[in-house]
Amino acid sequence: MDIVPFLIFALFVKNMKEKLNKIDESAQNFIIKSKNDLENFRLKFLVKKGILNTLFLEFKELPSEEKKEIGQLLNNLKKSIEGIYQSENSKLNKEENINNQNNELPGYFSELGSRHIISQVLDDMIEIFERLGFSVSTGPEIEDDWHNFSALNFPKNHPARDMQDTFFVEEELALRTHTSSVQVRLMEKGDLPIRSIMPGRVYRNEAISARSNCFFHQVEGLYIDKGVSFSDLKQTLYNFVKEFFGPETKVRFRASYFPFTEPSAEMDIFLGTKTESDNRLTKGTGWLEILGCGMVDPNVLVNCNIDPKTYTGFAFGLGVDRIAMLKYGVKDLRTFFNNDQRFLGQFQSL
Ligand code: PHE
């Protein structure tokens with residue numbers, strides 16, 4: 001081949017390569033987001049009158065030396081364009097399938113949750129005491145002997161410790177048996193006066209029955225200031241009962257014993273014996289105990305570095321679960337913690 005036709009040939013091949021590259025690039029960059037786009041792609045490149053076919057027609061006219069080189073390129077381009085078409089087509093089909101499936105499924109129905117009934121009752125109780133000027137204090141559920149017992153005037157080996165059957169973690173550590181332990185922590189801090197309640201879960205190694213469980217909830221309270229008297233205690237508790245159970249609720253105090261209070265009392269509310277369950281709950285007396293209380297024993301104040309000659313105080317402890325039973329007529333304490341939605345779902349909160 002002499003030089004001039006060779007140059008023309010080389011130039012032709014170069015131009016053709018560039019042309020094919022451009023076409024390849026435009027196929028690669030073709031935006032295909034829908035079936036419609038895909039169809040436009042097909043119309044542009046793949047139909048009889050599309051770009052590829054036109055190129056092949058042109059190709060047929062080429063002299064045979066050029067066919068060899070260009071043919072290879074053209075085949076590559078064809079493969080590339082068909083590849084794009086196929087992969088985009090299957091991608092769109094997949095998406096379509098997913099969308100169709102979702103359209104056919106019923107929507108997910110998620111039920112509204114609500115606060116557990118014991119939490120609701122706890123909140124109601126806390127709110128009443130907050131209105132009376134009490135703050136809220138919390139403490140650990142695993143307690144040492146000092147905070148749960150010794151500081152509260154339970155001497156070692158004293159039978160009073162048997163009043164609260166204890167779950168021990170180690171010799172000196174136990175699951176707290178009452179939230180009075182938080183009272184000790186508060187008094188030790190020494191920020192006087194103290195007017196606070198201690199809501200929380202407590203644990204006792206008791207036989208589980210309709211009336212008692214191995215864990216339950218308390219709201220204890222502590223008020224320490226100069227000149228706090230038993231009548232302050234009574235008035236605070238009357239106030240609570242009226243707010244919580246209604247203004248007509250009848251209550252009574254009975255003398256009692258706790259190592260950490262002196263004098264000590266228990267408070268009952270009157271249910272009557274009209275219904276079978278009132279009869280059973282009150283053991284035929286009509287009265288049901290809902291709390292223990294008393295004036296803080298001077299020994300306890302001394303243990304917590306408070307001078308009993310200057311300060312006096314009262315304390316009380318309410319059982320939340322019992323009170324929730326009463327308020328909602330629940331006959332078996334255990335139902336609160338079985339996690340049966342048919343039961344819990346009856347107590348919707350906002
Ligand atoms: N801590 C007592 C209990 O759990 C309740 C109580 C608290 C009694 C404060 C008197 C004063 O049984």
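User: What makes the 2.7 Å between an oxygen atom of the ligand and an N or O atom in the side chain of Gln218 a polar contact?

Analyst: A polar contact is a pair of N or O atoms within 3.5 Å. The ligand oxygen and the Gln218 side-chain atom are 2.7 Å apart, so the pair counts as one. The model is predicted, with local features needing pLDDT of at least 70 and side-chain atom pairs pLDDT 80 or more, while totals for chains, interfaces and linings use all residues. Residues are numbered from 1 along each chain as its sequence is written, and side-chain values use heavy atoms, without hydrogens and water.

User: Which other side chains have an N or O atom at a given distance from a nitrogen atom of the ligand?

Analyst: Ser180 has one at 3.0 Å, and a polar side-chain atom of Glu220 lies 2.7 Å from a ligand nitrogen. The protein covers 93% of the 330 Å² of accessible area that the ligand has on its own (Shrake-Rupley method, 1.4 Å probe).

User: How do you know which residues surround the ligand?

Analyst: A residue counts if one of its heavy atoms lies within 4 Å of the ligand. There are 14, and the closest are His178, Ser180, Arg204, Gln218 and Glu220.

User: What makes the lining of the largest cavity mostly nonpolar or mostly polar?

Analyst: Ala, Val, Leu, Ile, Met, Phe, Trp, Tyr, Cys and Pro count as nonpolar, Asp, Glu, Lys and Arg as charged, and the others, Gly among them, as polar. The lining divides into 7 nonpolar, 2 polar and no charged residues, so it is mostly nonpolar. Leu152, Phe260 and Thr261 are among the lining residues.

User: Where do the domain bounds come from, and what are they?

Analyst: They come from an automatic or database domain assignment, which gives domain 1 (3–99) and domain 2 (117–347). The C-alpha centres of the two domains lie 85 Å apart.

Notes: On a 1 Å grid over the protein atoms alone, a cavity is a set of points where a 1.4 Å probe fits but cannot get out, and a pocket is an open set with protein on both sides within 12 Å along at least five of seven lines; lining residues have an atom within 4 Å of a point. A polar contact is a pair of N or O atoms within 3.5 Å; within protein, one must be able to donate a hydrogen and the other to accept it, and residues adjacent in sequence count only if both atoms are side-chain atoms.
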